[in-house]
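User: I am new to this structure and would like to learn how its features are read. Could you guide me through a helix and the pockets?

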Amino acid sequence: MTDSAIITRDLRKSFKKTAVLKSVSFDVRRGEIFALLGSNGAGKTTTIKILATLLRPDSGASSVSGFDVAKSPDKVRQSISLTGQFTAVDEMLTGRENLHMIARLRHLDNPGGIAKGLLERLGLTDAADRNAGTYSGGMKRKLDLAMSLVGKPSVIFLDEPTTGLDPEARLQVWEMVKDLAKGGTTVFLTTQHLEEAEALADRIAILHEGRIVADATLAELKKLFPPAKVEYVEKQPTLEEIFLHMTRKEASRKEIQ
């Protein structure tokens with residue numbers, strides 16, 4: 001069995017005459033936290049939608065949990081969970097009922113116990129029996145994340161999961177993501193918060209104008225950056241500086257060509 005939970009090869013996708021993905025290839029190892037970074041419109045969400053079987057690529061191949069995304073979409077869906085940029089909770093139901101519903105849709109035993117455990121895990125017990133429509137934006141986001149954990153999927157896609165969360169809630173989500181990876185779950189993460197990727201990711205890929213321009217650990221990415229300046233102390237580059245350096249470098253290369 002391959003060590004890769006996700007494999008993509010030469011993915012391409014255009015909308016009308018605009019090419020969004022231009023030969024995207026990468027592997028994600030099992031149990032790894034993999035962060036895909038890119039500016040707005042770089043193709044991050046398009047990549048996730050393809051891997052989650054919500055969108056078909058124009059060409060290329062990909063597999064998730066050992067299943068071909070195009071040939072075995074049902075098996076892919078059974079092995080994954082997806083939290084999108086916008087919450088997908090049913091606001092007419094309580095928090096507990098939302099979790100109970102997902103557990104039943106996944107044909108799991110003891111949906112009540114599953115809901116109870118996840119509500120406790122994300123600090124939503126006190127609001128469990130209130131309609132989700134009365135929740136704050138941060139609480140809805142946490143409930144959305146809890147719903148994605150029902151059934152312990154082997155691969156979880158988190159598309160900007162901490163959008164709208166306060167600092168304390170963000171830290172709770174970070175700890176949850178780390179715990180998932182420790183338990184063997186593969187986490188595919190996109191984020192606009194570069195410090196989030198810096199804190200969580202085992203490996204980071206930078207998507208720029210439809211292509212992967214870097215794919216490495218944070219330590220390896222730092223080696224691609226110009227040497228640290230030595231003043232009174234040695235200043236190491238931040239992930240934000242590396243991201244800007246790599247995307248500007250790619251733009252300069254295209255201008256020369």
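Analyst: The following turns discuss one helix and two pockets of this predicted model.

User: Is helix α1 largely enclosed or largely open, and why?

Analyst: One counts the buried residues, where buried means under 20% relative accessible area. In helix α1, residues 44-51, 6 of the 8 residues are buried, so the helix is largely enclosed by the rest of the structure.

User: Which residues of α1 are the buried ones?

Analyst: They are Lys44, Thr46, Thr47, Ile48, Ile50 and Leu51. After α1 comes Thr53, which has a positive phi, near 70°.

User: How should I read the largest pocket, and which residues lie nearest its centre?

Analyst: A pocket may be described by its volume and by its lining. Here the largest pocket holds about 410 Å³ of space. Its lining has 17 residues, and Ile80, Ser81, Leu82, Ile102 and Arg106 lie nearest the centre. Two or more lining residues come from each of β6 (80-83), α3 (95-105) and α5 (137-149). The largest share, 4 residues, belongs to β6. By class, the lining of this pocket comprises 9 nonpolar, 5 polar and 3 charged residues.

User: What is the volume of the second largest pocket, and which residues are closest to its centre?

Analyst: The same reading applies. The volume of the second largest pocket is about 220 Å³. Among its 13 lining residues, Leu118, Arg121, Leu149, Gly151 and Lys152 are the closest to the centre. Helix α4 (residues 111-121) supplies the largest share of this lining, 4 residues. The lining of the second largest pocket consists of 8 nonpolar, 3 polar and 2 charged residues.

How values were computed
Residues are numbered from 1 along each chain as its sequence is written. This is a predicted model: local features need pLDDT of at least 70, side-chain atom pairs count only at pLDDT 80 or more; totals for chains, interfaces and linings use all residues. Side-chain values use heavy atoms; hydrogens and water are left out. Buried means under 20% relative accessible area, exposed over 50%, partly exposed in between (1.4 Å probe, protein chains only). On a 1 Å grid over the protein atoms alone, a cavity is a set of points where a 1.4 Å probe fits but cannot get out, and a pocket is an open set with protein on both sides within 12 Å along at least five of seven lines; lining residues have an atom within 4 Å of a point. Grid points are joined across faces, edges and corners, and a volume is the space filled by probe spheres set on the points. Ala, Val, Leu, Ile, Met, Phe, Trp, Tyr, Cys and Pro count as nonpolar, Asp, Glu, Lys and Arg as charged, and the others, Gly among them, as polar.
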